[in-house]
Amino acid sequence: PQATEAVGAMTETKAEVLAARAVTIPAGLENGRYFLGVRLAHGGVHAESDLTNNFVSAAINVGGDPTSLFCPTSETGAYTDLREAIVNTVAGGTVFVCDGTHDVDTVVIDKPLTLTSQNRGGNAWLGDVDQSAQGTQGGRAAIIIDGYTEGTVRIEDLGFRMKGRAVQVGRPTVSLDEGATWVHPGRWTHVEIHSARFLGRNSDFGIGVQVWQNGAGVGRIDITNSHFDALGIGVFVTSHSEANVSHSTFENFTAGSVTYSGFTGGGGAGGADWKVAFGRVEDNTIRNCGVAGCMRMVLMANGTIARNTIQAGNQSTHAFGILVRRPPETPHARQSITIEDNVISGGAFGEGWAVGNGIQFEDAPGVTSVIRRNQIFGSNIGMSLIGSAQVSDNKITGGEFGFNQSNHGWELG
């Protein structure tokens with residue numbers, strides 16, 4: 001179908017939607033998802049399926065079933081292509097995955113639905129194509145969640161065996177010009193991942209879940225009761241998104257279990273283009289960390305890190321148990337962070353320490369965060385603190401130094 005009028009005009013950085021327009025659907029049109037053309041400044045027309053372009057065109061669903069079955073072994077009534085199963089399932093429906101391991105590559109989920117196993121209990125797995133040349137943060141995604149503006153995409157009781165990326169939420173467009181502003185044309189609102197399993201095929205590679213910016217605002221992802229093993233990074237939030245991770249297990253990774261990051265865009269330090277993650281990381285178990293550390297909040301705006309059990313392991317020297325760092329003077333970095341009731345155990349490693357800093361915290365000027373009731377054992381330095389915070393009722397044992405304090409503003413109790 002074609003829109004009766006142009007639905008948008010293109011600038012260099014974003015699609016500016018002018019207004020809703022009427023669409024005529026021809027009689028007898030087959031079920032599926034259809035894309036409406038977007039008229040660009042130069043007069044060209046592209047489709048949303050072209051993931052290299054800096055926009056998302058309008059899309060509509062026509063017909064579909066409430067449930068579908070994806071099964072490449074050709075079970076009667078099943079789809080052998082996962083994307084085809086998604087297209088033929090109505091928004092809000094469910095796509096089931098049969099038992100076995102099925103390789104998929106950049107399959108897009110562009111409507112709210114549930115992707116889950118046909119038979120509960122952990123026998124349905126999705127794998128990715130061989131990506132032996134990819135680095136820790138490289139690789140194509142097996143599943144891309146992108147292209148919808150309301151509702152929830154839920155992944156439940158499903159396994160991923162990956163060398164690249166398992167699940168990518170949203171999508172970026174990275175300019176090749178150094179210092180240029182990043183563009184996030186993706187559209188997504190809410191994602192839930194529950195009781196999922198992410199197993200890396202090479203712990204030097206792979207990301208379980210990566211979250212890019214929702215180009216239309218701030219998206220939210222909730223990850224619960226899931227297991228991440230032998231990956232480079234478990235959960236990698238590279239956007240100004242709310243990310244909540246709870247009651248999950250992370251082990252045997254090289255870079256970081258949960259990493260809240262972002263990107264600086266082209267606006268420089270403190271510019272409006274800075275994108276900084278925020279949310280809650282609570283009640284998780286993290287063990288056998290990589291040399292880069294256990295929990296890496298290298299760009300975190302605000303939130304809570306609470307009741308996590310971190311066991312670094314003795315196989316190598318780790319940089320830290322929990323790292324929290326704020327970018328200076330950003331629009332999203334003016335709220336408090338609370339770090340409380342965590343247990344961090346380094347354990348001696350040779351003549352050194354398995355963890356350099358139990359908690360390394362660098363806060364933004366003018367913000368008073370809270371660090372309290374944490375237990376830290378076996379780190380070279382219990383807490384390395386820069387900035388302003390209220391610090392109380394922490395227990396630090398078995399280390400070389402209790403505190404390494406820089407700057408001023410710390411209230412120790």
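Two strands are taken to pair if DSSP finds at least two bridges between them. By this criterion, in the predicted model described here, strand 30, which spans residues 300-306, pairs with strand 33 in the parallel sense over four bridges.

The chain as a whole is made up of one helix and 44 strands. Of its 413 residues, 52% count as buried, and the accessible surface comes to about 16700 Å², with 47% of that area belonging to carbon and sulfur atoms. Among the contacts between residues at least 6 apart in sequence, 66% join residues that are at least 24 apart.

Strand 33 covers residues 337-340 and is covered on both of its faces, since Ile-337 and Ile-339 on one side are buried, as are Thr-338 and Glu-340 on the other. Within the pairing of strand 33 with strand 30, the residue that stands opposite Ile-337 is Gly-303. Strand 33 also pairs with strand 38 (residues 369-372), again in the parallel sense, and this pairing runs over three bridges. Two of the residues of strand 33 can be followed into strand 38: Thr-338 has Val-370 as its bridge partner, and Glu-340 has Arg-372. The succession continues from strand 38 to strand 41, which comprises residues 389-392 and is joined to strand 38 by a parallel pairing over four bridges. Val-370, the partner of Thr-338, is in turn bridged to Gln-390 in strand 41.

A further set of strands forms an open sheet of eleven members, arranged in the order 9-12-15-18-21-24-28-31-34-39-42 with parallel pairing. Strand 9 (100-103) and strand 42 (395-397) stand at the edges of this sheet, and because each has a single partner strand, one side of each is left without a neighbour in the sheet. With direction ignored, neighbouring strands of the sheet are turned by 10° against each other on average. One of the pairings in this sheet links strand 34 (residues 343-345) with strand 39 (residues 375-377), in the parallel sense and over three bridges; here Ser-345 has Phe-377 in strand 39 as its bridge partner.

At the level of single residues, Thr-116 offers an example from strand 11, which spans residues 114-117. Its relative accessibility is 6%, and Thr-116 therefore counts as buried, the cut-off for that class being under 20%. The side chain of Thr-116 reaches the backbone oxygen of Glu-156 at 2.8 Å. When neighbours within four places in sequence are left aside, the contacts of Thr-116 comprise Thr-94, Val-95, Phe-96 and Val-97 together with Glu-156, Asp-157 and Leu-158.

The largest nonpolar core contains 69 residues, and those touching the most other members are Leu-82, Leu-126, Ile-143, Ile-145, Phe-160, Val-167 and Phe-198. For Ile-145, with neighbours within four places in sequence again left aside, the residues in contact are Ile-109, Val-153, Ile-155, Val-167, Gln-168, Val-169, Gly-170, Trp-188 and Val-191. Val-167 thus appears both among the contacts of Ile-145 and among the core residues that touch the most other members.

Note on methods:
Residues are numbered from 1 along each chain as its sequence is written. This is a predicted model: local features need pLDDT of at least 70, side-chain atom pairs count only at pLDDT 80 or more; totals for chains, interfaces and linings use all residues. Side-chain values use heavy atoms; hydrogens and water are left out. Buried means under 20% relative accessible area, exposed over 50%, partly exposed in between (1.4 Å probe, protein chains only). Axes are lines fitted to C-alpha atoms, for helices over the stretch in contact, and angles run from 0 to 180 degrees between N-to-C directions. Contact means heavy atoms within 4.5 Å. Accessible areas come from the Shrake-Rupley method with a 1.4 Å probe; for residues, only the protein chains shown count as cover. A polar contact is a pair of N or O atoms within 3.5 Å; within protein, one must be able to donate a hydrogen and the other to accept it, and residues adjacent in sequence count only if both atoms are side-chain atoms. A nonpolar core is a set of buried Ala, Val, Leu, Ile, Met, Phe, Trp, Tyr and Cys residues joined through side-chain atoms within 4.5 Å.
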